[in-house]
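Open the model in your viewer and keep the selection tool at hand. We will go from one residue outward to the whole assembly.

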4 protein chains.
Amino acid sequence: MAGNTYGENFKITTFGESHGAAVGVIIDGVTPGVEIDEAYIQIQMDRRKPGQSSVTSPRKEYDIVHILSGVFEGKTTGTPLFVMLHNTDMRPDAYNDIQHAFRPGHADFTYLQKYGIRDHRGSGRASGRETAARVAGGAVARKLLERRGVQVLAYTREIGGIQCQTFQEEIIEQNAVRACDPIAAAEMIKKIEHLASIGDSCGGIVECRIRGVVPGLGEPVFDKLDAELAKAMLSIGAVKGIEFGEGFTAAAMLGSEHNDAMSSSGFLSNHSGGIIGGISTGQEIVFRIAVKPTSSISATQQTINVKGEEQLIKTEGRHDPCICPRIVPVVEAMACLVLEDHYKRQAAMHN
Amino acid sequence: MAGNTYGENFKITTFGESHGAAVGVIIDGVTPGVEIDEAYIQIQMDRRKPGQSSVTSPRKEYDIVHILSGVFEGKTTGTPLFVMLHNTDMRPDAYNDIQHAFRPGHADFTYLQKYGIRDHRGSGRASGRETAARVAGGAVARKLLERRGVQVLAYTREIGGIQCQTFQEEIIEQNAVRACDPIAAAEMIKKIEHLASIGDSCGGIVECRIRGVVPGLGEPVFDKLDAELAKAMLSIGAVKGIEFGEGFTAAAMLGSEHNDAMSSSGFLSNHSGGIIGGISTGQEIVFRIAVKPTSSISATQQTINVKGEEQLIKTEGRHDPCICPRIVPVVEAMACLVLEDHYKRQAAMHN
Amino acid sequence: MAGNTYGENFKITTFGESHGAAVGVIIDGVTPGVEIDEAYIQIQMDRRKPGQSSVTSPRKEYDIVHILSGVFEGKTTGTPLFVMLHNTDMRPDAYNDIQHAFRPGHADFTYLQKYGIRDHRGSGRASGRETAARVAGGAVARKLLERRGVQVLAYTREIGGIQCQTFQEEIIEQNAVRACDPIAAAEMIKKIEHLASIGDSCGGIVECRIRGVVPGLGEPVFDKLDAELAKAMLSIGAVKGIEFGEGFTAAAMLGSEHNDAMSSSGFLSNHSGGIIGGISTGQEIVFRIAVKPTSSISATQQTINVKGEEQLIKTEGRHDPCICPRIVPVVEAMACLVLEDHYKRQAAMHN
Amino acid sequence: MAGNTYGENFKITTFGESHGAAVGVIIDGVTPGVEIDEAYIQIQMDRRKPGQSSVTSPRKEYDIVHILSGVFEGKTTGTPLFVMLHNTDMRPDAYNDIQHAFRPGHADFTYLQKYGIRDHRGSGRASGRETAARVAGGAVARKLLERRGVQVLAYTREIGGIQCQTFQEEIIEQNAVRACDPIAAAEMIKKIEHLASIGDSCGGIVECRIRGVVPGLGEPVFDKLDAELAKAMLSIGAVKGIEFGEGFTAAAMLGSEHNDAMSSSGFLSNHSGGIIGGISTGQEIVFRIAVKPTSSISATQQTINVKGEEQLIKTEGRHDPCICPRIVPVVEAMACLVLEDHYKRQAAMHN
């Protein structure tokens with residue numbers, strides 16, 4: 001319980017269900033005197049919102065940013081910044097058919113087991129809609145990180161088995177799947193459109209690179225920087241795994257291969273992914289996350305209802321056949337939150 | 001800073017360096033009235049201690065358990081349980097050669113960057129020795145979980161590229177590498193012995209299965225059960241990745257393949273690894289972690305000293321050529337801590 | 001920083017400034033399946049709102065309760081409950097005169113020192129308006145405590161030197177100052193009206209009695225029940241002191257007088273105020289708080305401006321000449337939050 | 001549960017019972033590179049230890065400080081500092097008589113209610129012995145505060161109804177009761193000796209002054225500096241109340257009297273006690289705590305046993321007839337912990 005807060009010195013607390021009135025976030029611990037406005041946050045919201053392209057959910061949420069506290073005359077005051085996002089395109093009735101049955105791959109069953117009660121409208125709190133509040137909070141963290149020269153960049157590495165072969169940073173925001181390889185991107189889009197047409201879905205891999213982080217960030221023992229990033233990423237709905245640097249490949253490497261040697265001009269390799277002993281090395285931080293295929297598919301599936309009786313189910317609604325494109329800004333937001341919090345923890349220690 | 005505490009309602013706080021006087025743990029939030037004694041905790045300590053076999057470090061630490069508070073007449077009192085483990089085989093002088101240089105793959109560089117000061121004796125706080133305190137804390141959590149019928153089992157799945165082909169639970173504690181396949185185990189041991197003879201090291205994959213967990217455990221949004229497990233596992237020194245259920249394989253699956261259908265007798269598959277929406281399904285929880293090759297190798301490597309001057313380095317000392325066998329009880333300990341904490345959080349919500 | 005959250009297992013996070021758009025609260029850790037509606041919370045809001053009588057601020061805030069998440073079909077879902085209260089009677093321009101000067105007794109100076117920036121409109125975040133969010137959160141805690149048979153009752157004991165001589169519980173909500181003695185109440189009202197007429201203010205003492213708490217609630221060592229209540233009460237703006245049971249009188253008592261003897265039918269006295277060793281005894285919990293005179297007075301006072309230059313100041317605005325009547329529901333709200341949190345902590349320990 | 005940790009960015013976690021093997025403290029979040037040694041901490045331990053004079057308990061605890069981690073070559077490393085204090089003068093058998101009965105004024109009854117089990121030896125965890133660990137932790141905080149120019153000074157203001165009439169700082173540590181008036185001190189000592197001779201005890205008032213704190217320290221809303229100090233003080237066993245500045249006297253003052261006016265050379269008075277709106281003003285912080293008479297008296301008292309049967313009880317043992325002299329260093333320790341934590345929180349916000 002009480003798991004709706006993230007961070008220690010820089011902290012967000014979120015609320016809101018998929019088909020309720022609004023989602024929102026209280027951001028506490030904001031450095032005072034920093035210029036920020038709704039337009040800045042809106043940029044990130046627009047990257048996450050549904051309906052951006054043919055490969056995302058057609059739900060129409062404009063996610064207009066409303067800052068209701070914590071900013072005065074264009075600057076942060078140090079008091080909690082509250083951002084609210086009204087839900088505008090709710091269709092709770094669309095879910096009446098499934099209110100008594102558990103959609104496979106969804107949290108319907110587990111929520112009911114946990115709480116003994118369930119808001120069935122569009123997954124309620126388990127909906128990806130909840131991540132809108134994270135992105136708003138992450139945008140404020142991003143603003144603070146800009147002052148530190150930190151840049152957080154996520155993008156699609158693989159979708160439906162199609163892997164990027166090149167890394168072209170400039171094209172990431174230019175294609176609908178946010179992939180780093182234009183040829184792979186085109187294939188991915190075709191694949192997603194095909195799967196959507198047959199009522200199926202697919203997963204993928206999203207990669208994140210963080211640049212400009214000072215060496216020395218991260219807390220041993222339990223709050224290692226990679227441990228915190230892992231928690232932050234696995235807290236995003238569809239994420240099933242994370243790896244840093246060589247990741248699972250490291251399992252088959254030798255120490256003499258994996259160790260990053262050093263010269264007077266710095267590290268000679270970055271197998272570690274920019275974090276050693278839970279602390280940043282000053283190199284690029286690199287990690288990848290595994291994104292499962294969207295659970296909501298319109299194919300007929302076998303399930304049970306709340307009485308335990310077997311039945312067939314088709315999940316209607318307006319879903320993303322692959323969540324990777326829209327998870328990218330959420331990954332960045334969570335990474336920003338972790339980093340700003342750790343910068344503040346570091347400041348606390350040394351001051 | 002202040003990152004040496006883990007958990008909310010069941011909480012451990014640890015201290016101790018590799019070549020200091022002792023390591024220890026304060027365990028807070030222990031259910032009162034539960035029978036526990038030093039012998040019970042000792043069993044887990046013995047699984048983690050060095051010197052168990054030809055494939056582990058020859059350092060001799062007996063890790064004798066001393067409970068100094070929180071137990072009265074054989075039962076927990078509800079007040080903090082303190083366990084101390086004296087370091088007995090310290091050889092701080094063995095590290096004099098490397099006190100001014102950074103060992104590749106080690107946290108030497110990052111600790112100095114973070115703190116501006118470094119206890120160079122055997123990695124100080126960054127040493128795997130720190131995990132002894134975790135195992136002691138985890139043993140207490142394990143005791144509480146036994147009363148709930150929860151069983152946590154970790155084992156080696158892969159070492160040095162050699163993968164287990166079978167799962168034979170009964171042989172795990174019978175072989176030096178704690179693998180689940182006796183044939184693979186024999187090969188792994190041979191490989192490790194060879195690498196040790198040439199001064200190199202290797203990594204591997206450790207798998208964990210958790211049985212008997214009630215459905216409904218785990219906290220949305222940020223404190224999802226898999227997110228917490230991910231943090232707990234990535235907080236262990238050599239771990240570079242984690243995946244649940246199908247994990248990274250899920251990235252290339254279709255929704256129609258990955259979704260776990262349900263029948264009146266329960267789930268028909270467990271692609272999710274026992275957790276959906278961050279909450280336990282009641283199935284077996286399954287995850288795997290990637291363990292990097294041990295950083296300490298005696299081969300000559302290129303590095304720099306604290307002045308930034310290039311030099312060659314050979315890491316002497318008594319190290320594990322592969323940490324998988326000894327990481328197994330640490331993985332179990334951390335999983336126990338996460339689970340007991342979440343059981344208590346669940347109780348808090350419903351009471 | 002990040003001090004806008006209260007509680008561990010039952011947790012509120014608030015936002016909002018005096019003359020901003022709204023104040024609000026996210027309540028996390030709510031037991032699921034409990035019936036609650038806006039009307040229930042509104043009752044408490046109405047007790048706190050300004051403009052109730054001749055002795056309170058004439059500001060007109062209706063504080064209409066809007067629940068925007070966490071309740072589904074009239075019952076709590078276990079997910080965060082969000083309550084928003086729009087500010088309707090803001091007059092930020094009324095504060096233009098004082099935007100560059102520090103009002104004596106106000107947090108104007110300290111906020112500017114802390115943040116380097118200040119929202120001068122009606123004290124911003126330092127305004128008593130912030131407590132509206134607490135009362136909304138406390139109302140949800142009160143609902144949960146009702147199921148436990150716990151009753152929290154606060155009232156005015158003394159105002160402007162006039163002390164209650166009797167304790168008549170039934171008249172507390174019948175008089176404008178919420179005193180427990182009708183004769184004293186009448187005198188208090190007269191005194192406040194007189195002070196208001198000459199532009200001055202006064203303080204008082206508010207007492208709180210909590211009934212029906214089980215014995216055994218509260219956490220040694222640092223989170224003693226009285227310690228948590230003390231923090232909760234001192235966190236309310238105008239409170240300058242707290243005492244439990246005999247309180248400061250105990251300083252002049254003998255052990256033989258102060259110790260509460262026991263008979264087979266229970267304690268024979270309650271000098272301790274219902275808490276011993278930080279844990280509830282099962283008796284009535286009794287504490288009193290000292291409330292300072294309202295800082296906002298219209299008499300001319302000596303102060304400085306932000307440049308450090310001396311000037312005279314008159315605080316205009318619509319203020320309470322004595323805050324006791326309106327602090328009563330805030331005291332109850334905070335006590336409810338502390339108690340519900342401790343009940344949940346107790347459940348976590350024993351389950 | 002899990003209430004044995006104090007602080008956020010500077011954090012202590014303690015363990016240990018009165019008649020167990022040891023008490024100890026893990027101090028996390030210590031600024032690295034600061035010179036500290038056992039002798040520095042020992043000074044504070046010696047001020048708290050029993051057996052200092054005719055007016056304190058004759059129990060002989062030398063409380064020899066052992067630092068077992070977190071210090072390397074005389075300097076803090078930033079990793080957890082662990083201090084252990086062995087119990088040397090345990091006489092658990094002295095408590096056999098009272099193991100089945102509840103001593104009036106003691107936590108015997110409440111602990112049993114809370115935990116269902118009780119370590120009866122000398123109050124177990126509820127003993128004042130627990131504060132030894134706090135003083136060790138506080139000494140480390142004090143060291144860090146010295147670098148900030150902060151000075152924390154507590155002393156006895158009143159004992160057994162005898163009040164100090166003068167404030168002579170230099171004599172505080174020169175008299176056995178740590179009073180600030182030598183004439184009152186002599187009377188207090190006489191009174192305590194008399195009460196000890198007849199098997200009774202008395203309470204008193206301890207005052208604390210904190211100098212050199214920057215303006216701007218403390219967190220609105222819930223973590224106000226006075227709220228945190230109140231919690232810290234009320235968490236000390238025998239404390240029944242706290243007041244800041246004018247405290248309870250403020251309840252009968254007018255706003256025009258209580259407001260601290262400002263001139264170009266600063267505040268013209270300090271009725272607020274150095275904290276306004278929960279944030280330090282830069283003036284001296286002043287608070288007083290009410291200390292109840294020691295519960296342990298050798299006079300015969302009426303009580304019940306664990307079966308609920310009435311009986312008479314005489315509390316033998318070696319107790320302080322008035323705890324004020326020995327509570328002084330504990331008050332200072334807790335104040336140091338609160339302040340260092342808040343300095344670190346402030347640094348986190350602005351960096």
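Select A:Pro293 in this predicted model. Leaving out residues up to four places away in sequence, A:Pro293 touches residues of two chains. From chain A, show A:Ser201, A:Cys202 and A:Gly203. From chain B, show B:Ala250, B:Met253, B:Leu254, B:Gly255 and B:His258.

Is A:Pro293 buried or exposed? Count the neighbours: 30 other C-beta atoms lie within 10 Å. Burial takes 20 or more, so A:Pro293 is buried. Now trace the backbone around A:Pro293. This residue sits in the loop between β16 (285-291) and β17 (301-304) of chain A.

Stay in that loop and select A:Ser296, which also lies between β16 and β17. A:Ser296 has 25 other C-beta atoms within 10 Å, so this residue is buried too.

Next, colour the annotated positions. An unreviewed UniProt entry places the feature "binding site" at A:Arg125, A:Ala126, A:Ser127, A:Gly277, A:Lys292, A:Pro293, A:Thr294, A:Ser295, A:Ser296 and A:Arg318. Where do they fall? They span 194 residues in sequence, and the farthest two C-alpha atoms are 43.4 Å apart, so they do not all gather at one spot.

Zoom out to chains A and C. A turn of 180 degrees, with a shift of 0.0 Å along the axis, lays chain A on chain C with an RMSD of 0.0 Å. The two copies are therefore related as by a two-fold rotation axis.

Which residue of chain A comes closest to that axis? Select A:Thr13: its C-alpha is at 3.7 Å.

Finish on the contact between these copies. Of the interface residues of chain A, 100% are also interface residues in chain C, so the copies meet through the same surface.

Methods:
Residues numbered from 1 in each chain as written. Chains lettered and ligands numbered in written order. Predicted model: local features only at pLDDT ≥ 70, side-chain atom pairs only at ≥ 80, totals over all residues. Least-squares fit on C-alpha atoms with pLDDT ≥ 70 in both. Contact = placed C-beta atoms within 7 Å. UniProt positions renumbered as here; feature names shortened; annotations may be inferred. Helix = DSSP H or I, 4+ residues; strand = E, 2+ residues; numbered from the N terminus. Buried ≥ 20, exposed ≤ 12 C-beta atoms within 10 Å, placed from the backbone.
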